[in-house]
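Please look over the structure shown below with attention to its side-chain arrangements. The report that follows takes up a charge placed over a ring, then pairs of aromatic rings, and finally a buried arginine.

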Amino acid sequence: MKKWQKLVTGTLTVAAVLTLAACGGQKAVKKTKPSTSDATAAASAKSAYTPTSEMKSSYDVVIIGAGGAGMTAAIEAKDAGMNPVILEKMPVAGGNTSKSSAGMNASETTVEHAQGVADSNQQFFDETLKGGGGTNDQALLRYFVDHSASAIDWLATNGIVLDNLTTTGGMSVARTHRPSDGSAIGQYLVAGLEKNIKSREIPLFVNSDVTAITEKDGKISGVKVKVDETKTKTISAKAVVVTTGGFGANKAMIKKYRPDLKDYVSTNAAGATGDGIKMIEKLGGATVDLDKIQIHPTVFKKTGYLVTEAVRGEGAILVNKAGKRFVNEMDTRDKVSAAELKQTGQTAYIIFGDATKSAVKAIDQYISKKIVTSASSLTELAKKIGVDQSQLDKTVASWNEAVASKTDSAFGRSTGMSKAITGTYYAIPVSPGIHHIMGGVKINTNTEVLKQDGKAIPGLYAAGEVTGGLHGSNRIGGNAVADIIIFGRQAGTQAAAYAKK
Ligand code: ADP
């Protein structure tokens, strides 16, 4: 029986549900330098990139940033009969999108129907609003849920099939759509979008850093793009779509909007520097919620590598230097992060055993990245990581009793309690890290960029993490990918319609 069949027939174990839920919608982890797998992806995608020499001085629609939102917008603009171009400042496409793991939330989809999942757009709306602390832009949210099912179909039509359902934190039904094999969505989505860009012969220039959006007679007229250290090119366009992502990799902006987070490590791709926000502000565009920044509690500090929630969901605990637990590890990201920051060194250790290791595929990657310490006894593990030895022994023993009795009297944890910590013991040091920017530029449901007075800037569109409002004060896992596809499509469609006028 496939995983989704188990899920819909209700035989999926609690632990498995938690694993799936715990994947959490992160648009996660990337080192500033491309890894081997990034390099491999880059090499295979290389032929999709257009040589700089072919860059023209005029296009119908210029799209800034080749993440999920930008590539989606380009496909829609092209299919609407326009001639779009994508300008990407990094050497590879993908941005934070390529790191997303959980999947794409959507309601009333053909996939849900086929698998017997009862869901409704209203329920999706209500749960996202609740997760966002009630502060979400409700017009955007309504558009989002109502266009989620068609976005899943649109992806499938374009060969990107998300027919494996799971659940993320804050969602009550299996509405997170993933690749058939249940793997992380990011690389699959980016590869699928790149394929569509290539087959439509949409020019995609990398190493092309857009430094300004130009205006003429009160309308957007194009962009200025740096194509090498010394050369800046001016490109004219009828419409410009900004899909530059967030600013999770820009320390100065983090410091400006959230001084309390200034020393945090970031899980973000190197290109997430807030350029779109700055360029749009220069044009008088409004912003919302720039101080709403999602922190992820389990990030390997030295590299910004994110350790998925699935590890805790499959039975890991967090301990401090004294070898003690200090929080319900399955609480929301903000609460677990806050508790970690109160510990010595603002650091904790994720501790788990063999059963958890076997249940979470990603742990093998963590081992190969050398961020995991292992030992055959807890005493040895404690010694290796510098944690109080006798206390760690006691903590794990009492945790294993809590697992056996399904009662965590210490912190009231009720999920991720099906696996005792036994066999070989493992530890990963973690700290809270900057993960997702909820805020951004203000748009309406047509993805038009708005000024302070609520009027649209003619010819300027934005979609994805660069925009704000949809998620309110807290983003639900699986909603970031839904955001980039749903509003990326809308941006491409609207920009093309405007360019045709
Ligand atoms: P989203 O999830 O909203 O699509 P991503 O982070 O996946 O956002 O993608 C945004 C992309 O925009 C990244 O690949 C990033 O390198 C690119 N980008 C950011 N700023 C610029 C810029 N000034 N010029 C060109 N590309 C940019």
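## A charge over a ring

In this predicted model, the ring of Phe 125 has the charged end of Arg 142 sitting over it, at 4.0 Å from the ring centre.

## Aromatic pairs

The model contains six aromatic pairs, counted with ring centres that lie within 6.5 Å. One of them is formed by Tyr 461 and Tyr 498, whose rings are 6.2 Å apart from centre to centre, with 65° between the planes, an arrangement that is edge-to-face. Because Tyr 461 belongs to strand β20 (residues 456-462) and Tyr 498 to helix α18 (residues 479-500), the pair ties together parts that are 37 residues apart in sequence. Tyr 461 and Tyr 498 are both buried.

## The surroundings of Arg 413

Arg 413 is placed in the loop between α17 (389-405) and β17 (425-437). Its relative accessible area is 2%, and because buried means under 20%, Arg 413 counts as buried.

Two polar links of the Arg 413 side chain can be described: the side chain reaches the backbone oxygen of Arg 312 at 2.9 Å, and a polar contact of 2.9 Å joins the side chain of Arg 413 to that of Glu 329. When neighbours within four places in sequence are left aside, Arg 312 and Glu 329 are also among the residues in contact with Arg 413. The same list includes Gly 315, Ala 316 and Ile 317, together with Arg 325, Asn 328 and Met 330, and it also holds Trp 399 and Asp 408.

Note on methods
Residues are numbered from 1 along each chain as its sequence is written. This is a predicted model: local features need pLDDT of at least 70, side-chain atom pairs count only at pLDDT 80 or more; totals for chains, interfaces and linings use all residues. Side-chain values use heavy atoms; hydrogens and water are left out. Rings of Phe, Tyr and Trp (its six-membered ring) pair if their centres lie within 6.5 Å; planes under 30 degrees apart count as stacked, over 60 as edge-to-face and the rest as tilted. Helices (H or I, at least four residues) and strands (E, at least two) are DSSP runs, numbered from the N terminus. Buried means under 20% relative accessible area, exposed over 50%, partly exposed in between (1.4 Å probe, protein chains only). A charge sits over a ring if NZ of Lys or CZ of Arg is within 6 Å of the ring centre and within 35 degrees of the ring normal. A polar contact is a pair of N or O atoms within 3.5 Å; within protein, one must be able to donate a hydrogen and the other to accept it, and residues adjacent in sequence count only if both atoms are side-chain atoms. Contact means heavy atoms within 4.5 Å.
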